Amino acid sequence: MLLKDLSYGGNDQRGGRVGSLCFVWQMLHESLFPSSEKMEDCLAKKMEITVSEAEKRTGRNAMNMQETYTAYLIETRAVESQNEGQCSPVDSLWRRYSEFELLRNYLLVTFPHIVVPPLPEKRADFVWHKLSADNMDPDFVERRRIGLENFLLRVASHPVLCQDKIFYSFLTQEGGWKEMVNETGFQLKADSRLKALNATFRVKNPDKRFTELKHYSDELQSVISHLLRVRARVADRLYGVYKVHGNYGRVFSEWSAIEKEMGDGLQSAGHHMDVYAASIDDILEEEEHYADQLKEYLFYAEALRAVCRKHELMQYDLEMAAQDLTSKKQQCEELATGTVRTFSLKGMTSKLFGQETPEQREAKIKVLEEQIQEGEEQLKSKNLEGRDFVKSAWADIERFKEQKNHDLKEALISYAVMQISMCKKGIQVWTNAKECFSKM
Amino acid sequence: RTCILILINSKNASQVLFFFFFPHSEFDLPEYSVRRRYQDFDWLRNKLEESQPTHLIPPLPEKFVVKGVVDRFSEEFVETRRKALDKFLKRITDHPVLSFNEHFNVFLTAKDLNAYKKQGMALLSKMGESVKYVTGGYKLRSRPLEFAAIGEYLDTFSLKLGTIDRIAQRIIKEQLEYLVELREYGPIYSTWSGLEVELSEPLEGVSACIGNCCTALEELSEDMTDDFLPVLREYILYSESMKNVLKKRDQVQAEYEAKLEAVALKKEDRPKVPTDVEKCQDRVECFNADLKADMERWQNNKRQDFRQLLMGMADKNIQYYEKCLTAWESIIPLLQDKPETK
């Protein structure tokens with residue numbers, strides 16, 4: 001179970017992808033949602049989704065400039081629970097990374113209370129230096145393919161996101177999808193970065209839970225990025241240790257040429273040293289999968305922060321509205337009683353230019369009262385909206401926490417299993433070498 | 001012979017140190033013990049080379065150390081040198097001729113070696129002629145095939161050992177750099193553990209596990225530094241000694257050939273080969289026989305030593321991986337320990 005989980009997407013994705021659809025989906029389904037009753041309404045339950053291929057393409061961009069990009073083939077197939085023996089036909093369409101980005105932006109704006117699953121990195125980051133950082137590098141493209149598939153499966157398994165129509169057509173409708181997204185006008189709803197930044201510094205009564213969560217996501221992000229950075233260096237060094245042993249292979253073989261009794265033993269021990277040096281390539285390639293799992297949670301930290309930010313923004317709006325209402329009420333009171341409680345420009349003007357006529361004052365009070373009424377309605381609805389947001393956001397955060405604990409535990413187990421297998425390989429190689437030495 | 005007796009004792013009880021190599025220090029010593037400094041060993045080796053020119057004399061560890069880089073009085077350095085000197089003496093005692101050498105005997109037993117050294121100097125000047133070889137002047141016509149082969153073998157052998165020595169040092173360096181990174185890597189899991197509730201224990205476990213692997217790695221590179229490198233060095237020096245003996249042999253042969261040539265020129269005058277040329281021929285033959293015997297002995301020793309050395313290297317690596325394996329296996333239950341709903 002462990003090893004299969006680990007090699008999902010690692011070994012069997014290049015060939016025979018379609019054959020392993022069900023298996024892969026099941027693995028992910030199980031790992032995302034340990035208790036399956038939550039899954040009943042999910043798209044993932046009704047449809048198998050894979051990103052089965054990546055292809056390099058060349059085209060012209062908006063500026064009519066030549067550009068090279070990678071397109072990914074998404075395959076979907078309906079699952080009918082009644083007659084499981086039959087397989088419905090596979091639908092497929094091509095999407096670029098930028099379209100995935102658009103989808104995610106749309107989801108972020110449309111579902112601000114959801115911790116939206118992150119996309120895999122656009123550029124290779126935190127890689128040990130033997131791996132290429134080139135975007136078109138086949139290994140990178142392959143790892144991104146797995147990452148994009150994982151993203152789709154995460155969305156499809158999410159109790160709320162999976163029901164979204166735009167997401168569904170992303171999977172099923174190749175042409176006109178972009179136009180459809182733009183028609184939703186989601187970009188208008190997008191909060192400007194500046195506004196969000198403003199809110200961060202101005203909120204007077206922040207929700208303690210969200211403050212803590214924000215703090216947690218900051219810490220999580222910093223600890224995972226530190227971990228990934230050092231892991232890349234650890235991988236570099238380990239690579240060095242193994243590869244230098246490969247030199248023994250050559251020198252033992254050369255030395256064996258001048259020896260009589262020792263020759264054979266040296267020669268074959270040299271062969272084992274070659275094997276040892278070569279074994280690190282697979283080990284580190286496998287470890288890259290662990291790094292990818294950690295990276296997903298590095299990006300999840302950002303998604304978590306987005307929810308916190310949205311909450312702050314709403315809290316800020318609410319506080320602004322409340323403040324506005326209070327000041328209007330105060331003005332109204334001042335006009336009605338004729339007293340000026342605080343220094344104001346109006347008070348000054350009235351003192352300088354004499355009292356307004358009673359009619360004028362009546363009219364002003366009326367306008368203000370209408371505004372107060374309106375403001376109170378707004379505040380009420382904002383309050384309600386805020387409460388709803390907190391409720392649904394917190395529900396999703398709880399879901400996320402459970403998912404995170406489960407995923408990371410699995411990741412750590414598979415990491416430990418990898419280390420165990422590396423140790424076993426090491427013991428094996430050195431035992432073989434020892435056998436050769438003992439015959440010298 | 002006293003020296004042999006003493007050494008048999010030391011073999012049986014390896015703890016009985018009859019040689020102390022501690023510069024400028026006073027010890028309460030058991031009965032059969034003498035105190036020697038490095039320069040005494042050096043003197044002994046020179047004496048052996050002079051008195052047994054036809055034999056392969058085992059090498060001493062390098063005399064000169066770069067001051068400041070190596071602390072000559074540090075425990076590790078003294079221990080490494082002690083081992084090398086011990087090996088040197090064992091090799092002499094194992095040798096059928098060298099173990100009976102008079103100087104060696106004195107070296108093992110004399111309470112006051114310095115007095116003997118002075119006396120030896122006077123002795124040396126008296127019979128200097130027989131010890132010293134005339135160098136240069138003669139050019140060897142052709143080295144006999146078997147010695148040419150030995151020469152070639154030694155060249156390649158020391159070249160390959162030099163490479164192995166460099167590789168081993170490089171591996172130790174890479175391991176230490178790996179260790180530095182690993183020491184930073186482990187504690188990050190600990191930091192992360194502080195942020196988490198449910199994951200706290202598993203992350204702490206991983207951190208501790210990486211810590212254990214660090215310890216194992218440190219032991220591995222220490223063992224390689226202490227046990228592997230010195231043996232390589234000894235054999236590199238050993239092959240240099242062998243090359244020197246080979247050179248001396250060539251000189252003796254060249255001397256003989258030159259004398260033979262001179263006789264051939266005056267053949268008409270004297271039909272019989274003179275006795276000093278015959279003596280010279282005997283010397284060449286003795287030399288050849290000694291050298292061949294020593295080479296064979298050396299080959300046997302080398303085979304055994306390298307088998308042991310390389311098996312030791314494999315063992316150390318196996319032990320390292322076993323320690324890491326135990327560490328990683330022990331945290332699996334910690335990671336899985338969760339009442340999961342199936």
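Tutor: Two residues are said to be in contact if their C-beta atoms, placed from the backbone, lie within 7 Å. With that cut-off one may read the predicted model shown above.

Student: In chain B, what share of the contacts between residues at least 6 apart in sequence joins residues at least 24 apart?

Tutor: For chain B the share is 76%. The corresponding figure for chain A is 75%, again among contacts between residues at least 6 apart in sequence.

Student: How many helices and strands does each chain contain?

Tutor: Chain A has 13 helices and 3 strands, and chain B has 9 helices and 2 strands. Read from the N terminus, the elements of chain B follow the order α-β-β-α-α-α-α-α-α-α-α.

Student: What percentage of each chain counts as buried?

Tutor: A residue is called buried when 20 or more other C-beta atoms lie within 10 Å of its own. By that criterion, 30% of the 440 residues of chain A are buried. For chain B, which has 342 residues, the value is 23%.

Student: Where do the strands of chain A lie relative to one another?

Tutor: A sheet is read by the order and sense of its strands. In chain A, 3 strands form an open sheet in the order β1-β2-β3, with antiparallel pairing. Its edge strands are β1(A), residues 47-60, and β3(A), residues 91-96, each of which pairs on one side only. From one strand to the next, the twist averages 25°.

Student: How many bridges join β2(A) and β3(A)?

Tutor: Strand β2(A), residues 66-78, pairs with β3(A) over 6 bridges in the antiparallel sense. One residue pair to locate in the structure is E75(A), which stands opposite S92(A) in β3(A).

Student: Which strands does helix α4(A) touch?

Tutor: Helix α4(A), residues 97-110, packs on the sheet and touches β2 and β3 of chain A; its direction makes about 90° with that of β3(A). Helix α5(A), residues 138-157, also packs on the sheet, touching β1 and β2 of chain A, and its direction makes about 135° with that of β1(A).

Student: Which residues have the most contacts inside the largest nonpolar core?

Tutor: A core is read as a connected set of buried residues. The largest nonpolar core here has 121 residues, and those with the most contacts inside it are A156(A), L238(A), A269(A), L412(A), A433(A), C324(B) and W328(B). Helix α10(A), residues 208-256, gives the most to this core, with 16 residues. Leaving aside residues up to four places away in sequence, L238(A) touches I280(A) and Y178(B).

Student: How many residues does each chain give to the contact between chains A and B?

Tutor: The contact takes 46 residues from chain B and 46 residues from chain A. On the side of chain B, the elements that give two or more residues are α7 (145-193), α8 (200-265) and α9 (275-336). Of these, α7(B) gives the most, with 20 residues. By class, this side of chain B has 26 nonpolar, 7 polar and 13 charged residues.

Student: Where do the domains of chain B begin and end?

Tutor: Chain B is divided into domain 1, residues 1-126, and domain 2, residues 138-342. Across the boundary, 11 residues of domain 1 are in contact with 16 residues of domain 2. The side of domain 1 that touches domain 2 consists of 6 nonpolar, 3 polar and 2 charged residues.

Notes:
Residues numbered from 1 in each chain as written. Chains lettered and ligands numbered in written order. Predicted model: local features only at pLDDT ≥ 70, side-chain atom pairs only at ≥ 80, totals over all residues. Helix = DSSP H or I, 4+ residues; strand = E, 2+ residues; numbered from the N terminus. Buried ≥ 20, exposed ≤ 12 C-beta atoms within 10 Å, placed from the backbone. Domains from an automatic or database assignment. Nonpolar A, V, L, I, M, F, W, Y, C, P; charged D, E, K, R; others polar. Core = buried A, V, L, I, M, F, W, Y, C linked by C-beta atoms within 7 Å. Pairing = 2+ DSSP bridges. Axes fitted to C-alpha atoms, helices over the stretch in contact; angles between N-to-C directions.
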